[in-house]
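Please open the model in a viewer and set it to a cartoon representation. The tour below proceeds by selection, with a short account of what each selection contains.

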Amino acid sequence: MIADVLAEAGSRMDRAVEAAKDDFATVRTGRANPQLFQKILVDYYGTPTPLAQLASLNNPEARTLVVTPYDKSALKAIEQAIRDTPNLGANPTNDGNLVRVTLPELTEERRKEFVKLVRSKGEDAKVHVRGIRRKTKDDLDALKSEIGEDELGRAEKELDALTRAHVDAIDEALKRKEAELLEV
């Protein structure tokens, strides 16, 4: 019973760490990367649709990304969604068949802003992991009458170790992203 509760907490924490890494990937570094456009939603016939479902993304040069829509009628909407995306600083151009996005060179000030943004995202992910820990602790406390004090103490120590490992994984991903952002 304890093992099931801890296994569930571990899998939820794993998903939280993966979500944090995906979130870090959406913050741009010096290069154009299709993952930057992963969370862009395009208003496609009144429905917010992920850009990846509407177009293919190619990276022909270091700072250029080419977006080729599957449906040419979505060109304007795709261009507008990219232009309206905060923290991207991209200026898309539309030639009637595809959208070419050239990302400007990052200044030192802009890099520092992105580091702050990534740290904020990392802190949010850690808060989420701690929330999972709190809920799991409540679940374990509910089992107290069935399992006993000693078992509960051991389970809480395991839960703390699990939480620490996942917070450390988020910190490690955060460090890598910060180094990538500050690299010129």
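Begin by selecting residues 145–172. Over this stretch the chain is 96% helix and 0% strand, and the C-alpha atoms at its two ends lie 38 Å apart. The model is a predicted one. For these same positions, 145–172, UniProt gives the feature "coiled-coil region", taken from an unreviewed entry.

**The second largest pocket**

Next, select Lys 21, Phe 24, Ala 25, Asn 33, Gln 35, Ala 173, Arg 176, Lys 177 and Glu 180, the residues that line the second largest pocket. Which elements give two or more residues to this lining? They are α1, spanning 2–25, and α6, spanning 149–182. Colouring by element will show that α6 gives the most, with 4 residues. The pocket has a volume of about 150 Å³. Recolouring the lining by class separates 4 charged, 3 nonpolar and 2 polar residues.

**Asp 23 in α1**

Remain on helix α1 and select Asp 23, which is placed in that helix. Display the side chains of Lys 39 and Lys 121 as well: Asp 23 touches both, when residues up to four places away in sequence are not counted. A distance label drawn from C-alpha to C-alpha between Asp 23 and Lys 39 should read 8.8 Å, while the two residues are 16 apart in sequence.

**The sheet**

Now hide the side chains and turn to the strands. In what order do the 4 strands of the open sheet lie? The order is β3-β4-β6-β5, with antiparallel pairing. At the edges are β3 (55–61) and β5 (91–94), each of which pairs on one side only. From one strand to the next, the twist averages 25 degrees. As general background, the strands of a sheet pair through backbone hydrogen bonds, in either a parallel or an antiparallel manner.

Select β3 together with β4, residues 64–69, to inspect one pairing: 5 bridges join these antiparallel strands. Within this pairing, centre the view on Glu 61, which stands opposite Thr 64 of β4.

**The helix across the sheet**

Finally, add helix α3, residues 75–84, to the selection. Which strands does α3 lie across? The helix lies across β3, β4, β5 and β6, the last of these covering 99–102. To check its orientation, compare the axis of α3 with that of β5: the helix runs at about 170 degrees to this strand.

Note on methods:
Residues numbered from 1 in each chain as written. Predicted model: local features only at pLDDT ≥ 70, side-chain atom pairs only at ≥ 80, totals over all residues. Heavy atoms only, no water. 1 Å grid on protein atoms, 1.4 Å probe; cavity = no way out; pocket = protein on both sides within 12 Å on 5 of 7 lines; lining within 4 Å. Points joined across faces, edges and corners; volume = space filled by probe spheres on them. Nonpolar A, V, L, I, M, F, W, Y, C, P; charged D, E, K, R; others polar. Pairing = 2+ DSSP bridges. Axes fitted to C-alpha atoms, helices over the stretch in contact; angles between N-to-C directions. Contact = heavy atoms within 4.5 Å. UniProt positions renumbered as here; feature names shortened; annotations may be inferred.
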